[in-house]
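Colleague: I am new to this one, so could you walk me through it slowly?
Modeller: Gladly, let us look at it together.

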Amino acid sequence: MSSLHDSPDDGKAVDAPPAIPVPDDVTEAVRTLIRWAGDDPEREGLLDTPRRVARAWKEYCAGYADDPAHHLARVFEEVGGYDEIVLLKDIPFQSHCEHHMAPIHGTAHIAYLPRNHVVGISKLARVLHAYARRLQVQERLTAEVADCIWNALHPVGVAVVIQATHACMTARGVRTPGVGMVTSRMMGAFRDDERSRREVLALMGF
Ligand SMILES: [Zn+2]
């Protein structure tokens with residue numbers, strides 16, 4: 001989210017959505033948090049911060065207004081007999097952990113083995129973002145992406161692998177910078193057939 005630091009007068013950043021009204025109780029909550037953190041919400045540099053924070057959180061959590069399965073509604077039956085793995089690799093994403101509301105930065109690899117039809121490849125990333133832009137735990141994010149593809153496309157197999165770092169671990173608590181977490185969910189052929197699983201993991205670079 002580069003727009004975060006672009007401009008001190010909010011709502012004008014290039015990729016920001018149109019400014020939405022922020023209810024008073026939301027700005028008041030952020031002011032309370034600033035006080036709790038040890039600063040003075042009335043000092044000049046912080047005056048507009050509550051409104052900016054409120055709008056930023058609407059962006060971070062835009063996935064609540066996005067139906068992930070909707071992105072997979074349009075399928076293509078014409079696949080020229082293609083029946084091999086479809087893989088979207090190294091998809092960067094950002095999420096927030098539901099325990100600390102701290103950033104999660106990661107990369108996802110999403111694969112499926114089609115049965116009769118495929119979707120536009122960018123749709124796999126849209127499904128990921130629709131779930132990532134919510135308060136999450138990495139395990140559930142991984143499972144939700146895989147389940148959504150499984151239920152919408154009825155493919156022969158689905159494989160989702162997510163690697164991520166959690167600011168709640170790297171910036172606070174045990175403070176272990178660089179430590180990453182890997183989660184995976186294998187379904188259908190990728191779970192039941194050792195050779196298919198090895199093949200998809202190799203394509204993903206593992
Ligand atoms: Zn956390």
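Modeller: This is a predicted model, and a good place to begin is C97, which is partly exposed, with 18 other C-beta atoms within 10 Å.

Colleague: Why is C97 called partly exposed?

Modeller: A residue counts as buried at 20 or more such neighbours and as exposed at 12 or fewer. C97 has 18, so C97 is partly exposed.

Colleague: Where is C97, and what does C97 contact beyond its neighbours in sequence?

Modeller: C97 sits in strand β2, residues 86–97. Leaving aside residues within four places in sequence, its contacts are A102, I104, Q136, V137, H166 and C168.

Colleague: Which residues does UniProt list under "binding site"?

Modeller: The unreviewed UniProt entry places that feature at C97, H100 and C168. They span 72 residues in sequence, yet no two of their C-alpha atoms are more than 7.9 Å apart, so they gather at one spot.

Colleague: And what makes H100 buried, exposed or partly exposed?

Modeller: H100 has 16 C-beta neighbours inside 10 Å, which lies between the cut-offs of 12 and 20, so H100 counts as partly exposed. H100 lies in the loop between β2 and β3, the latter being residues 103–113.

Colleague: What about M101, in the loop between β2 and β3?

Modeller: M101 has a positive phi of about 55 degrees although it is not a glycine. With 13 C-beta neighbours inside 10 Å, M101 is over the limit of 12 for exposed and under 20, so M101 is partly exposed.

Colleague: How do you know whether D90 is buried or exposed?

Modeller: D90 has 10 C-beta neighbours inside 10 Å, and 12 or fewer means exposed, so D90 counts as exposed. D90 lies in strand β2. D90 has a positive phi of about 55 degrees although it is not a glycine.

Colleague: Now the helices, please. How do α3 and α4 pack?

Modeller: Helix α3, residues 122–132, and helix α4, residues 138–153, pack at an angle of about 140 degrees, with their axes 10 Å apart. That makes α3 oblique to α4.

Colleague: Why is that called oblique?

Modeller: Roughly antiparallel needs an angle over 145 degrees, and roughly perpendicular runs from 65 to 115. About 140 degrees fits neither, so the pair is oblique. The crossing of α3 past α4 is right-handed.

Colleague: Which residues meet there?

Modeller: From α3 come V127, L128, Y131 and A132, and from α4 come L141, E144, V145, C148 and I149.

Colleague: What makes L141 buried?

Modeller: L141 has 24 C-beta neighbours inside 10 Å, and 20 or more is enough, so L141 counts as buried. Not counting residues up to four places away in sequence, L141 touches S95, Y131, A132, Q136 and I162. L141 and T183 are 42 residues apart in sequence and 9.3 Å apart in space, C-alpha to C-alpha.

Colleague: To finish, how is the chain divided?

Modeller: The chain is divided into domain 1, residues 2–60, and domain 2, residues 76–204. Their C-alpha centres lie 31 Å apart.

Colleague: Which residues does UniProt list for "domain: GTP cyclohydrolase I"?

Modeller: The unreviewed entry lists residues 27–204. That span is 39% helix and 26% strand, and its end C-alpha atoms lie 43 Å apart.

Definitions and conventions:
Residues numbered from 1 in each chain as written. Predicted model: local features only at pLDDT ≥ 70, side-chain atom pairs only at ≥ 80, totals over all residues. UniProt positions renumbered as here; feature names shortened; annotations may be inferred. Helix = DSSP H or I, 4+ residues; strand = E, 2+ residues; numbered from the N terminus. Contact = placed C-beta atoms within 7 Å. Domains from an automatic or database assignment. Axes fitted to C-alpha atoms, helices over the stretch in contact; angles between N-to-C directions. Parallel < 35°, antiparallel > 145°, perpendicular 65-115°, else oblique. Left-handed = near helix turned anticlockwise from the far one by under 90°.
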